[in-house]
Amino acid sequence: MPTVDIDPDELRELTGREEKGDEELKEDLFGLGLEFEGRTEEGAFELEFAPDRLDRLSVEGVARSMRYHYGDSRGVHVPSTNAAEWTIVVDDSVPDERPYVTGAVVRNVDLDEEGLESLIQLQEKLHATMGRKRAKGAIGIHDLTMMKGNPATEGSPTIEYVGVEPDGDRFVPLDSDRELTPAEVLEEHQTGQTYADLVSDYERYPAIYDDLGLFSFPPVINGRRTEVSTDSRDLFVEMTGTDQWTIDKMLNIVCYALAARGATLESVTVEYPDGDSGGRELVRPDLSTKTKTVAHGRIETILGIDLGSEEVIDLAERSGLEAETEENENGDLVYDVTIPPYRVDVLHPLDVIDDLGRAYGFNDLEPKYPDVGTVGGRHERSRLEDAVRTQLVGLGFEDLLNFHMISEAENFDRLEIAPDDDVYGAGDPPTIKGPYSEDYTMLRTWVTPSLLMVLERNTHRAYPQDLAEIGFTAAVDDSENTGVAERRRVGAVLASHEAGYEDAKARLQALARRFDVDLETPPTDHPTYIPGRTAAVVVDGEEVGVIGEVHPKVLVEHDLEVPVSGFEFDLEALR
């Protein structure tokens, strides 16, 4: 899950709750779905949050949610926006691969060190999530006083979004003291090397000019001339990308964060050329609201409680929403719920109901038996899972529950395998058509990658670390009715200075004895594990898994400095 670093003192200041202690803050944050993961070296809270709530990627967004939680704020707030003075003109030369731009002017912002750090964190977190590591959307924030607009016929200053030759005009990029062409930035600058793949195949590179010259090379790096500091008071925010909706929503989140610090928003006009875009003229930021219709009966059914219409309206306002009652064509009570511009996650009426339930307090919901004629029981597979889990804990493993979704890099590349390899863990993965984050683009095909990711995040903790998971995996399979084969697999890793093949095999043998199955471990090859220290897991004559010592290449890739051994096999083999 994504994490965000929040200074608790700054959170208290922005919420106006100076009396709140750290432990009380943690409880309140948990009530919003933000889990405390620890502290940074500077003492900030490290919070894990749902990846759909991108408006909480900064302390300003978290503080806004907490004010609603406390009842200090209510309803939908839309900041006022002054009329546009600046214009972004999009030239025909802009690369077809990255045709869209948006922007806003932010005036009278008060940026101390903490505020600047929060803005930088918000920018990078949006890049990593909604912006798909800048591939779908990239943010540039500039000191407006260091910019000079081109002359315009109607007197408003103008900047241009254009396409330039790789060896075209020079500029001084951030963290540099010499002028470079865009091509030289990709070859010589550290940030340019990191993001070179995003534009290296373009015939012309995206660039933004003012009257003084090139000052932004999106999505790679900004120019040093317009660098933002704590002395900056007026900012120019521009975003480019492959989708207008995405960059507009990213812009809204940034604008709300800056407005929370007392800044004034000013519109920017975006002029597209004739052609595919139809010579459109847009005024941004687009702070219009949207509406979802939710039936009263569905709210009560989903939450399992009886509510009056006034209570529903109150819960909506305490969620940062607004609700108005009306009757539908069948005479049923429904609510037209207004969604604020910074909420990119509300796609369905159920998302609204989730907000209402959280405002009510999920811990305050009383469990009750459903009004049906039968009572559910445990599935045989669930009984088997519990039995295996109990044995794994008894063998010294810590039981985990990881996410089923993962990225191709984590599932395959970092473990030295490919989807079409003939090894355990390979396979054609079910992929997500429109993922919000590049960290979650597919369903995992095996459990071991998730376990190694946990070890990677816990290198600061003491060893040994013995971890196990009985987890869901999936692979495309045309022979299945759904087109996807779903499996439950048992994965385990042992990490310590003395971890070896024998340690993993001893635990596996103990597990096999408990379930009275015949275990064999004939030698095999697998890219994730060390040759000669790898074996197949054969249960009752059928090959169902793999066991071995993790290869040094995989350990280095995961920043692990101790040996790791482990095994993984199909749960059904123990039935």
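The seven-stranded sheet of this predicted model is open, has mixed pairing and follows the order β17-β20-β21-β25-β24-β23-β22. Strands here are DSSP runs of E with at least two residues, helices are runs of H or I with at least four residues, and both are numbered from the N terminus. Two strands pair if DSSP finds at least two bridges between them. At the edges of the sheet stand β17 (398-399) and β22 (519-520), each of which pairs on one side only. Residues are numbered from 1 along each chain as its sequence is written. Because the model is predicted, local features need pLDDT of at least 70 and side-chain atom pairs count only at pLDDT 80 or more, while totals for chains, interfaces and linings use all residues; side-chain values use heavy atoms, with hydrogens and water left out.

Strands of a sheet pair through backbone hydrogen bonds, either parallel or antiparallel. In this sheet, β20 and β21 pair in the antiparallel sense over 12 bridges, and A475 has A485 in β21 as its bridge partner. Strand β21 (residues 484-495) also pairs in the antiparallel sense with strand β25 (residues 564-570), over seven bridges. Within that second pairing, G491 is bridged to E568 of β25, and V490 is bridged to F569 of β25.

Two helices lie against these strands. Helix α14 (residues 501-514) packs on the sheet and touches β20, β21, β22, β23, β24 (542-550) and β25; the direction of α14 makes about 30° with that of β25. Such angles run from 0 to 180 degrees between N-to-C directions, and the axes are lines fitted to C-alpha atoms, for helices over the stretch in contact. Helix α13 (residues 448-457) lies across β20 (465-476), β21, β23 (529-539) and β25, and runs at about 140° to β20. Contact means heavy atoms within 4.5 Å.

The residue F569, bridged to V490, also belongs to an aromatic cluster together with F397 and F567. The rings of F567 and F569 have their centres 6.1 Å apart and their planes at 25°, so this pair is stacked. Rings of Phe, Tyr and Trp (its six-membered ring) pair if their centres lie within 6.5 Å; planes under 30 degrees apart count as stacked, over 60 as edge-to-face and the rest as tilted. Both F567 and F569 are buried, where buried means under 20% relative accessible area, exposed over 50%, and partly exposed in between (1.4 Å probe, protein chains only). A search of the whole structure finds eight aromatic pairs.

Another open sheet has three strands in the order β1-β3-β2, with antiparallel pairing. The edge strands are β1 (3-6) and β2 (35-39), each pairing on one side only. Neighbouring strands of this sheet are turned by 30° against each other on average, direction ignored. Four bridges join β2 to strand β3 (residues 45-48) in the antiparallel sense, and R39 has F45 in β3 as its bridge partner.

Attention now turns to a pair of helices. Two packed helices are described by the angle between their axes and the distance between the axes. The axes of helix α9 (residues 309-317) and helix α10 (residues 349-360) come within 8 Å and cross at roughly 90°. The two helices α9 and α10 are therefore roughly perpendicular to each other; angles under 35 degrees count as roughly parallel, over 145 as roughly antiparallel, 65 to 115 as roughly perpendicular and the rest as oblique. From α9, the residues V312, L315 and A316 make the contact, and from α10, L356, A359 and Y360. By class, the contact has six nonpolar, no polar and no charged residues. In this classification Ala, Val, Leu, Ile, Met, Phe, Trp, Tyr, Cys and Pro count as nonpolar, Asp, Glu, Lys and Arg as charged, and the others, Gly among them, as polar.

Helix α9 also holds I313, which counts as buried at 16% relative accessibility. Leaving aside neighbours within four places in sequence, I313 is in contact with A323, T325 and Y335. In the loop between α8 (296-303) and α9 sits D306, which counts as exposed at 69% relative accessibility. With neighbours within four places in sequence again left aside, D306 is in contact with E300 and E311.

A last residue is S267, in strand β12 (residues 264-271). S267 is buried, with a relative accessible area of 8%. Beyond its neighbours within four places in sequence, S267 is in contact with T81, N82, A83, A84, E85, V283, R284 and P285.
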